[in-house]
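Reader: I'd like a close look at one helix in this model and at what it packs against. Could you start with the overall picture and then walk me in?

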Amino acid sequence: MGKLRTLLAFGALSGLLAACSDGGKAGNVATVPPVTEVPVETTIPSTTLPDTTIPGMTIPDTILDTSPAETTPAATAWEMVVASADCMCGDGSPFSFFVRKASPEKVMFFFEGGGACFNSATCDPTNPAYKTDVGSGAGSEGIFEFDNPLNPFADYSIVYVPYCTGDVHVGNTTHDYGNGVVVNHKGYVNGTNALNQLVELFPDTTELLVTGESAGSVPTPLYAGLAADLLPDARITALGDGSGAYPDIPGINAVIGGSWGTMNAVPDWPTNADVTVENWSLPGLYVRAGTHAPNITFARHDYAFDQTQQFFAALAGIPADNLVSLIDQNETEIETGGVTLWSFISPGDSHTVLGKPGFYNEEVDGTSLLEWVTALVAGDTVADVHCTVCTT
């Protein structure tokens, strides 16, 4: 439990996706309470981000995967569920999610990734910096390769939450960015609707994995905490893939959180009594959720020099050339806050692995990622895995 690392003196981008962090009010009740409609926000804190028109900047291919999900026999197990009327994508179009029914006791709650937006440039619908439609659901690789005997999740039921709101699944407002750009940041409304239906569909859940890739990995600690309120007898693991480098910067937290309406979506937990838009951060999410529900197992996977995380750091004006230092700093901050975070840090500049073939063969210094994740979700003892030579 006491696996603290040396605190590195670089406090940067957790605000970029951190302020994007949480949502709604949930207590020890049968459902997350409904989220009321929030009016267009007209003001945000005075701190401003750079004008990110992205001149000459190439968006990494890994930010958005526009290829359709492969059609395989396993894919036919997915059912589309139309969410409630208050759910919507960023452009106001209807929101739906996908369900795979298998084990009634072992369930995965998966959050899709797909970029983020936080000003008129990045939120412009012609800018591919974030995903704007529900899409076709999960692919059939990595953890979604259900016919692979090595897949530890082959028999899991899954609730798959698409991402189309630009707010890493934690927003609750409609924001006018000017120049005709208006975005419905309703990620938290969509996510909690899916969580409530997960509980209705699988009330006998005993093992729950809350996970996601990229932007979808950012809110995993928040939703794990909400799930602990709704499924108090379940063993819950939160596993994020591809967002570990975003540190806590109050000014950026305030600007992005103000744009996304994160303060309209803060769980009613005692640990959140002091929450402000400035201190609602990604590392803080782990500490707050872990303090609220200490039986949750928190873990993450990152590539040491993930090009997509570096890209979004640049959009927020934060130097992240030494990305792995930010990743390590965040773990130190979380564990200093009293919450254990198990980490698997791989070398290189790739982005996410859970939904890719590499999930089955990735290895760091002799430790298999597949075996590490399998042990983690089984409740077995794991150790931190960290590349010793982190560039490739």
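Author: Of the 392 residues in the protein chain, 60% count as buried. Keep in mind that this is a predicted model. The chain exposes about 14500 Å², and carbon and sulfur atoms supply 53% of that area. It has nine helices and 14 strands. If you take the contacts between residues at least 6 apart in sequence, 79% of them join residues at least 24 apart.

The helix to zoom in on is H4, residues 220-230. How many of its residues are buried? The count is 11 of 11, so H4 is mostly covered, going by the cut-off of under 20% relative accessible area. The buried set starts with Thr 220, Pro 221, Leu 222 and Tyr 223. It carries on through Ala 224, Gly 225, Leu 226, Ala 227 and Ala 228, and finishes with Asp 229 and Leu 230.

And what do those residues pack against? Two of the partners are helices, H3 and H6 (282-292), and the others are strands S4 (106-111), S8, S9 and S10.

Let's take H3 first. This helix covers residues 187-201, and it packs with H4 at an angle of about 35°, the two axes being 11 Å apart. The crossing is right-handed. On the H3 side, the residues that meet H4 are Gly 187, Tyr 188, Gly 191, Thr 192, Leu 195, Asn 196 and Val 199. On the H4 side you'll find Leu 222, Tyr 223, Leu 226, Ala 227 and Leu 230. Sorted by type, the residues of this contact come out as eight nonpolar, four polar and no charged. The spacing along each helix has a simple background: an α-helix has 3.6 residues a turn, so residues three or four places apart point the same way.

While you're on H3, have a look at Val 189, which lies in that helix. Val 189 counts as buried because its relative accessibility is 5%. Its C-alpha atom is 8.2 Å from that of His 169, a residue 20 places away along the chain.

Now for the strands. S4, S8, S9 and S10 belong to an open sheet of nine strands, ordered S2-S3-S5-S4-S8-S9-S10-S11-S14, with mixed pairing. The edge strands are S2 (78-82) and S14 (385-386), each pairing on one side only.

S4 is mostly covered as well, with five of its six residues buried. On one side S4 pairs with S8 in the parallel sense, over six bridges. S4 also runs parallel to S5 (residues 157-161), joined by five bridges. You can see both pairings at Phe 111, which stands opposite Gly 212 in S8 and opposite Val 161 in S5.

Out at the S2 edge, the pairing of S2 with S3 (residues 96-100) is antiparallel and runs over five bridges. There, Val 82 has Ser 96 of S3 as its bridge partner. Ser 96 is buried, with a relative accessible area of 9%. Leaving aside neighbours within four places in sequence, Ser 96 is in contact with Met 80, Val 81, Val 82, Ala 83, Val 134 and Pro 162.

One more helix to note: H9 (residues 369-377) lies across S8 (207-213), S9 (235-241), S10 (297-303), S11 (341-346) and S14, running at about 150° to S9. Among those strands, S8, S9 and S10 are also ones that the buried residues of H4 pack against.

Notes:
Residues are numbered from 1 along each chain as its sequence is written. This is a predicted model: local features need pLDDT of at least 70, side-chain atom pairs count only at pLDDT 80 or more; totals for chains, interfaces and linings use all residues. Side-chain values use heavy atoms; hydrogens and water are left out. Axes are lines fitted to C-alpha atoms, for helices over the stretch in contact, and angles run from 0 to 180 degrees between N-to-C directions. Helices (H or I, at least four residues) and strands (E, at least two) are DSSP runs, numbered from the N terminus. A crossing is left-handed if the near helix is turned anticlockwise from the far one by less than a right angle, and right-handed if clockwise. Contact means heavy atoms within 4.5 Å. Ala, Val, Leu, Ile, Met, Phe, Trp, Tyr, Cys and Pro count as nonpolar, Asp, Glu, Lys and Arg as charged, and the others, Gly among them, as polar. Buried means under 20% relative accessible area, exposed over 50%, partly exposed in between (1.4 Å probe, protein chains only). Accessible areas come from the Shrake-Rupley method with a 1.4 Å probe; for residues, only the protein chains shown count as cover. Two strands pair if DSSP finds at least two bridges between them.
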